[in-house]
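Thanks for coming. I will take a few minutes to walk through one chain, residue by residue where that helps.

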Amino acid sequence: PMAQATGSPWLALLAWLAAGLLSLAGALTYAELGALMPDAGGEYLYLRAAYGDLPAFLFGWMRMLVGASGSIAIFGVGFATFLSAVLPLDAVWMRKSIHIFGQTTDWEFGIKQVVAISAILLLSALNCLRVTFAGRVQTLLVTAKVAAIAGIVAGVFFFGKSGDWSHLLTPPGTAAWRGFQAFGFAMISALWAYDGWNNMPMVAGEVKDPQQNVPRALILGMLIVLIVYGLVNLAYCYALPFSEILSSNSSMHRDALPVAAKAARTFLGDQGPRLVS
């Protein structure tokens, strides 16, 4: 979607950088707040101190019922979608088109939805066991994810067969700049990917030496995420012609391979998409 909005590889990469710097500014702000108020609650605590109980309560209500549940649902669906590239998860038991707010949504319920719900329930149960155990599980998953991304980056740059820096140029006949609205849309997508730094101060009350460790975790964590996402997106744009990125999996191309799978195919062959998934 970012490529489709900007129409240019380098502008899509610039949107990643701009959103990363904006997120880093937010992390620096929260690092200061976390050191000043090292108690559990995070944003709820800051809003209550600045504006009173009602805005803080309304934010907390929105965060729990809308923000958190929606994000968790998206991750569950993403897990089931990628797993379907490895295992046959095609069975659909109910399907219906829903028309609301001028939009048509194709709703379905089948084995993918069961897998998504099961993943949410499993991780919820693991998080309920102990904070330390849940922390170890999260560290393991993050390490695996960063290692996988590093593998894609290394594979593209050292073993890829189709990589070319000319892929980063704006395609001929395409406007070099589509305006701030298109660039802002691309930034929103990147900001959602960077999102999460704002959750860390919620557990500041349980962190040892929070005046030092909360700022350190926020700043180093955000820098690492910015570098990791920057490198992997640069690898995608280097490995694939822009037309391949434009036609990757999105709401416009629901049945296409994700861009990461296409990039892996350039150095792993036809097994690349399955291994990435």
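**Helix 4 and outward**

W61 sits in helix 4, which covers residues 53-83. Before I go further: this is a predicted model. W61 comes out as partly exposed, because its relative accessible area is 46%, and the cut-offs for that class are 20% and 50%. From W61 to V137 there are 76 residues along the chain, and their C-alpha atoms are separated by 27 Å.

S71 is also a helix 4 residue. Its relative accessibility is 24%, so S71 is partly exposed as well. The C-alpha atoms of S71 and W177 are 31 Å apart, with the two positions 106 residues apart in sequence terms.

Now the whole chain. How many helices and strands are there in the chain? There are eleven helices and two strands. Read from the N terminus, the order is α-α-α-α-β-β-α-α-α-α-α-α-α. The radius of gyration is 21 Å, and the globule rule gives 19 Å for 277 residues; those two are close, so the chain is as compact as a globular protein of that length. The C-alpha trace spans about 55 × 45 × 40 Å along its principal axes.

Of the 277 residues, 29% are buried. Taking contacts with a separation of 6 or more, 65% of them join residues 24 or more positions apart. The accessible surface is about 16,900 Å², and carbon and sulfur atoms contribute 68% of that. On charge, the chain has 16 positive and 14 negative charges, and the mean positions of the two sets are 5 Å apart.

Next, L13, which is in helix 2, residues 9-36. Is L13 buried or exposed? L13 is buried, because its relative accessibility is 18% and the cut-off is under 20%. Leaving out residues up to four places away in sequence, L13 touches L168, N233, L234 and C237. I74 is 61 residues from L13 along the chain, and the C-alpha atoms of that pair are separated by 24 Å.

C237, one of the residues that L13 touches, is itself buried, at 8% relative accessibility. C128 is a contrast: at 67% relative accessibility, C128 is exposed. As a reminder, a disulfide is a covalent bond between the sulfur atoms of two cysteines. How many disulfides does a search of the whole structure find? The search finds zero.

Helix 10 deserves a slower look. It runs over residues 259-268. Why is helix 10 described as largely enclosed by the rest of the structure? Because seven of its ten residues are buried. Those buried residues are A260, A261, K262, A263, A264, T266 and F267; note that a lysine is on that list, K262. The cover over them includes helix 6 (131-159), helix 8, helix 9 and helix 11 (272-276). After helix 10 comes G269, with a positive phi near 75°.

On the other side of helix 10 is P258, in the loop between helix 9 (242-246) and helix 10. P258 has a relative accessible area of 22%, so P258 counts as partly exposed. The contacts of P258, again without residues up to four places away in sequence, are F82, S248 and N249. Q4 is 254 residues away along the chain, yet the C-alpha atoms of P258 and Q4 are separated by 14 Å.

Last topic, backbone angles. Most residues other than glycine have a negative phi, and most peptide bonds are trans. F101 is not a glycine and has a positive phi of about 55°. Where is F101? F101 is in the loop between strand 1 (92-100) and strand 2 (103-110). With 78% relative accessibility, F101 is exposed.

D209 is another residue other than glycine with a positive phi, near 50°. Its place is the loop between helix 7 (180-194) and helix 8 (210-239). D209 is partly exposed, because its relative accessibility is 42%.

To recap two points: helix 10 is largely enclosed, with seven of ten residues buried, and the search for disulfides finds zero. That is what I have.

Key
Residues are numbered from 1 along each chain as its sequence is written. This is a predicted model: local features need pLDDT of at least 70, side-chain atom pairs count only at pLDDT 80 or more; totals for chains, interfaces and linings use all residues. Side-chain values use heavy atoms; hydrogens and water are left out. Helices (H or I, at least four residues) and strands (E, at least two) are DSSP runs, numbered from the N terminus. Buried means under 20% relative accessible area, exposed over 50%, partly exposed in between (1.4 Å probe, protein chains only). Contact means heavy atoms within 4.5 Å. The radius of gyration is taken over C-alpha atoms; the globule rule is 2.2 Å times the number of residues to the power 0.38. Accessible areas come from the Shrake-Rupley method with a 1.4 Å probe; for residues, only the protein chains shown count as cover. Lys and Arg count as positive and Asp and Glu as negative; His and the chain ends are not counted. The place of a charge is taken as NZ of Lys, CZ of Arg, CG of Asp or CD of Glu. A disulfide is a pair of cysteine sulfur atoms within 2.5 Å.
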